[in-house]
Amino acid sequence: MLAKFRKKVSKGSRFNQIYVPKSMENLVEVGDEVEVTLIRKHAELHLSKGLKLPHFKKGLIRDIFSFLDGIADASFIFVVGSFLTEKINYNDIDVVLITSSPDGKFEESVYNKIIERFNLKFHILALEEKRFRHLLEICPLTRAMLSNYVCNKPIAVADRRSIETKHIKFLLMMPYDLLEIKINSRAFYDSLRRLITIERFLRNKSLDMPEINEELEILVNAPLHDKIKRNEEIEDNSIKFLRKLIRAKLELIEGLIKDGKK
Amino acid sequence: MGKNKDMQELTNLMTKALRHKIGSIVNKNEFYAAKYAKDAENIMKEAEKVLLRQNWNGYDKSHIKGQLRNKLKKELEQKDFLDDKKFDIMDDEIGKALKKFGLDTPTTL
């Protein structure tokens with residue numbers, strides 16, 4: 001006779017244990033041989049300091065971690081971005097996988113499997129652990145992204161910062177281009193937010209995303225702020241105004257980089 | 001707007017778009033390389049709008065190619081934070097972009 005039951009592993013005084021349900025004590029008896037199969041990995045959530053999430057989001061993230069644990073070889077899995085900080089105005093769920101040697105196909109494969117399983121919009125980023133730790137030290141955008149996170153393992157994000165000019169210059173390419181070319185208005189929003197993040201990084205200030213967004217709202221008042229956030233058409237005088245802001249921020253950042261190198 | 005002015009605008013936009021694309025290829029270990037590839041697409045969309053303003057003849061196409069190559073080479077030389085592999089893939093990327101816009105010139109035998 002085949003006896004089957006599902007139970008959660010619990011913590012015993014010496015070993016982790018599984019109890020045979022009372023209703024099956026005559027079917028699975030002392031001395032019988034059983035085989036235990038892991039069906040679903042229990043996922044733990046480790047939230048960054050101060051982050052609070054509703055029950056629904058916690059449950060979804062737990063399911064995501066549990067699913068990814070079965071399909072992707074990752075030392076750490078993070079959920080980051082607006083899904084954590086916005087009540088409803090998030091675009092997608094940003095997942096960061098820290099792995100030993102990721103490639104383009106790894107991200108694509110994980111992406112295809114996760115959207116198939118959850119039918120939600122995801123953005124998957126995979127990064128090698130050593131590179132990730134280096135970026136945390138030198139990259140304002142990576143640090144800002146990790147200002148709010150949920151991780152599947154306990155992790156401490158060190159607050160060491162160092163200025164790598166080449167990396168900052170790489171990040172400044174688009175803001176510089178916007179002084180000369182006109183593309184969609186969202187590019188202005190993204191660039192200004194990027195410049196605020198870089199400036200705060202160089203000034204050793206907090207990189208908490210809601211604080212960065214608030215600073216941008218003060219810098220660019222409504223309704224222009226909302227227009228560029230929603231990628232709506234804007235007038236030439238607004239572009240002129242935004243370029244003025246970008247130029248001022250760029251000059252400030254170039255000055256801070258020089259000061260940092262002294 | 002005159003053809004020459006449009007040509008200048010077109011090559012300016014294509015230069016910036018290709019610089020972003022090349023940046024995303026040679027600095028692929030950057031976390032934001034994928035974002036740069038997307039930036040390149042956004043700028044290319046604007047370039048396409050300028051492209052459609054005129055009918056470009058063979059003479060124009062050859063001028064666009066020359067202008068684009070000179071501008072992009074200069075831009076890449078200035079951007080010392082991009083890996084030197086940028087010059088190895090420059091001509092390939094120019095070729096692909098021109099072909100996509102129907103601006104490629106027939107090879108003379």
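Here is a short tour of this structure, one selection at a time.

Before you start, note that this is a predicted model, in which local features need pLDDT of at least 70, side-chain atom pairs count only at pLDDT 80 or more, and totals for chains, interfaces and linings use all residues. Residues are numbered from 1 along each chain as its sequence is written, while chains are lettered from A and ligands numbered from 1 in the order in which they are written.

**Stop 1: chain A as a whole.** Select chain A and show it as a cartoon. You will find 11 helices and seven strands; these are DSSP runs (helices H or I, at least four residues; strands E, at least two), numbered from the N terminus. The radius of gyration, taken over C-alpha atoms, is 24 Å, well over the 18 Å that the globule rule (2.2 Å times the number of residues to the power 0.38) gives for 262 residues, so chain A is more spread out than a compact globule. Its C-alpha trace spans about 80 × 40 × 35 Å along the principal axes.

**Stop 2: Val9(A).** Next, select Val9(A), in the segment before strand S1 (10–11) of chain A. Is Val9(A) buried or exposed? It counts as partly exposed, because it has 13 C-beta neighbours inside 10 Å (20 or more within 10 Å would be buried, 12 or fewer exposed, with C-beta atoms placed from the backbone). Leaving aside residues up to four places away in sequence, Val9(A) touches Asn16(A), Gln17(A) and Ile18(A); contact here puts C-beta atoms, placed from the backbone, within 7 Å.

**Stop 3: helices H8 and H9.** Now select residues 185–202 (H8) and 209–219 (H9) of chain A, whose axes come within 10 Å and cross at roughly 120 degrees. Axes are lines fitted to C-alpha atoms, for helices over the stretch in contact, and angles run from 0 to 180 degrees between N-to-C directions. H8(A) and H9(A) are therefore oblique to each other (under 35 degrees is roughly parallel, over 145 roughly antiparallel, 65 to 115 roughly perpendicular, and the rest oblique). Show side chains for Leu192(A), Arg193(A), Ile196(A), Thr197(A) and Arg200(A) in H8(A), which meet Ile212(A), Glu215(A), Leu216(A) and Leu219(A) in H9(A).

**Stop 4: where chain A meets chain B.** Finally, bring in chain B. The contact takes 17 residues from chain A and 15 residues from chain B. On the chain A side, the elements giving two or more residues are strand S6 (122–128), helix H4 (129–138), helix H5 (140–145), helix H6 (165–171) and helix H7 (173–178).

How values were computed:
Two residues are in contact if their C-beta atoms, placed from the backbone, lie within 7 Å.
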